Structures are given as C-alpha cells and as structure tokens.
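Colleague: Got a minute to go through this model with me? I'd like to hit the packing, then the odd spots.

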Amino acid sequence: MLYILVMYSSSVIGLAFIPREGVVMGLSIAISQTSSTPIYQQIVDQVREQILGGRLTAGETMPSLRALARDCRCSLITTTRAYSDLVAEGLLINQPGRGYIVAALDVEVQRQRAWADIHEHLEQVRTIAARADITTDELLAALGNDNKAKED
C-alpha cells in the first residue's frame with residue numbers, strides 16, 4: 001500500500017491509499033505544495049530516508065513513474081527526476097519491463113553517506129557552539145556523556 005500525503009499550507013488536501021500487487025507496501029510520502037523544497041527533492045529525500053532506514057528493502061518494486069506522479073499530484077517530469085536522482089545515488093535500479101526496484105545497499109556507500117550527514121550536522125553544531133562560546137572540549141565531553149548514558 002502506498003501512502004501519499006499532499007499538503008497545501010498546513011492543511012491536508014489528499015491522502016491516497018493505493019494497493020498494487022508487487023509494489024512497495026511500506027512506502028509513504030508527504031508532499032508539501034507550499035514548501036520551498038522542490039517536489040522532486042521532497043520525494044528523493046523521503047524515499048532515501050526510508051531505504052537507508054530499512055523501511056524499504058532490496059528488491060521491492062517502486063510505484064511506476066505515472067502512478068507516483070498521479071498520487072503526488074505532480075508532473076511525470078518531477079517523478080522522473082526524483083527516480084533518476086535515486087538511481088544516480090545507487091538507491092534504485094531501473095529494470096526494463098519491471099520498473100524501478102530498491103537496490104541492495106553497499107555497506108561502504110552507507111558509511112560514506114552517514115559520514116556526509118555527520119559532517120553536515122557537525123557544521124551546524126560548530127555554528128551553534130560558537131554563538132554560545134562553547135568549546136570543542138565541552139562538545140566532546142557532552143558527546144562522551146551521551147554515549148555513556150546510552151550504554152547504561
């Protein structure tokens with residue numbers, strides 16, 4: 001079952017439940033028509049998160065380009081761009097006659113993506129810390145304390 005949530009402003013315009021044989025059952029996408037983030041990027045970000053988070057697994061068939069465009073209330077060009085970006089990232093594979101399927105994830109690729117995310121967040125942490133005059137040593141101590149608390 002595919003869940004698509006389409007929003008205008010903060011109100012929900014439509015929620016579609018689309019059962020299709022052989023199509024990913026756990027995919028859910030929330031689209032905001034008023035967001036400054038392009039719709040194709042919203043799709044990419046959410047599908048990426050679901051694949052990397054394990055909600056979508058290798059070999060699952062994605063909705064067709066046309067079905068996704070219809071359900072997201074966007075153009076075919078938008079969904080084509082989203083799937084193309086996901087193929088370029090190695091998260092989807094386009095199999096002629098079968099459509100787009102979730103790719104098996106390479107452990108090294110996952111590690112590289114994780115490090116990229118960590119570095120992006122570290123930049124934000126550094127900026128926030130600098131504004132509050134928090135030292136690197138204090139940040140490292142806080143990180144160490146968080147890890148000890150999680151281990152207990």
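Colleague: Start with Y83. Which residues is Y83 in contact with, leaving aside neighbours within four places in sequence?

Modeller: This is a predicted model, to be clear. In it, Y83 is in contact with M62, P63, L65, L68, L92 and Y100, once neighbours within four places in sequence are left aside.

Colleague: And which residues have the most contacts inside the largest nonpolar core?

Modeller: Y83 is one of them, along with I43, V47, M62 and L92. That core has 23 residues.

Colleague: Which elements each supply at least two residues of this core?

Modeller: Strand 3 (28-32), helix 1, helix 2 (65-72), helix 3 and strand 5 (99-102). Helix 1 gives the most, with six residues.

Colleague: Any general background for that sort of clustering?

Modeller: Nonpolar side chains tend to be buried together in soluble globular proteins.

Colleague: Stay on helix 1, then. Which residues of helix 1 are buried?

Modeller: I39, Y40, Q42, I43, V44, Q46, V47, Q50 and I51. They pack against strand 3, helix 2, helix 3, strand 4 (92-95) and strand 5.

Colleague: How far apart are the end C-alpha atoms of helix 1?

Modeller: They are 20 Å apart. At 1.5 Å a residue, the 14 residues should span 20 Å, so the two agree.

Colleague: What follows helix 1?

Modeller: G54 does, with a positive phi near 85°.

Colleague: Back to a glutamine. Is Q42 buried or exposed?

Modeller: Q42 counts as buried because its relative accessible area is 7%, and the cut-off for buried is under 20%. Q42 sits in helix 1, residues 39-52. Leaving aside neighbours within four places in sequence, Q42 is in contact with A30, I31, S32, S35 and T37.

Colleague: I31 is on that list. Where is I31 found?

Modeller: In strand 3. I31 is buried, with a relative accessible area of 0%. The C-alpha atoms of I31 and I43 are separated by 7.5 Å, and the two residues are twelve apart along the chain.

Colleague: Switching to cysteines. How many disulfides does the structure hold?

Modeller: Zero. C72 is in no disulfide, and its nearest cysteine sulfur, that of C74, is 4.9 Å away. C74 is in no disulfide either, with the sulfur of C72 at 4.9 Å.

Colleague: Why doesn't the 4.9 Å pair of C72 and C74 count?

Modeller: Because a disulfide here needs the two sulfur atoms within 2.5 Å, and these sit at 4.9 Å.

Colleague: Are the two cysteines buried or exposed?

Modeller: C72 is buried, at 0% relative accessibility. C74 is buried too, at 16%.

Colleague: Now backbone oddities. Which value does phi take at R73?

Modeller: Phi of R73 is near 55°, positive in a residue other than glycine. Most residues other than glycine have a negative phi. R73 is in the loop between helix 2 and helix 3. R73 is partly exposed, with a relative accessible area of 45%.

Colleague: What about phi at D133?

Modeller: Near 60°, also a positive value in a residue other than glycine. D133 lies in the loop between helix 4 (107-131) and helix 5 (136-151). D133 is exposed, at 67% relative accessible area.

Colleague: Zoom out. How many helices and strands does the protein chain have?

Modeller: Five helices and five strands. Along the sequence the pattern reads β-β-β-α-α-α-β-β-α-α.

Colleague: What share of the contacts with a separation of 6 or more comes from residues 24 or more positions apart?

Modeller: 56% of them.

Colleague: And what share of the chain is buried?

Modeller: Buried residues make up 29% of the 152 residues. The accessible surface comes to about 9,500 Å², with 56% of that surface belonging to carbon and sulfur atoms.

Colleague: Last thing, confidence. Which element has the lowest mean pLDDT?

Modeller: Strand 2 (residues 11-18), with a mean of 41. Helix 3 (residues 76-88) has the highest, 97. Over residues 9-24 the pLDDT is below 50, and that stretch has 40 contacts in the model beyond near neighbours in sequence.

Colleague: And what is the average for the protein chain?

Modeller: The average pLDDT is 82, and 78% of the residues score at least 70.

Definitions and conventions
Residues numbered from 1 in each chain as written. Predicted model: local features only at pLDDT ≥ 70, side-chain atom pairs only at ≥ 80, totals over all residues. Heavy atoms only, no water. Helix = DSSP H or I, 4+ residues; strand = E, 2+ residues; numbered from the N terminus. Buried < 20%, exposed > 50% of the residue type's maximum accessible area, 1.4 Å probe, protein only. Contact = heavy atoms within 4.5 Å. pLDDT = per-residue confidence, 0-100. Core = buried A, V, L, I, M, F, W, Y, C linked by side-chain atoms within 4.5 Å. Areas by Shrake-Rupley, 256 points an atom, 1.4 Å probe, with all protein chains shown as cover. Expected span 1.5 Å × (residues − 1).
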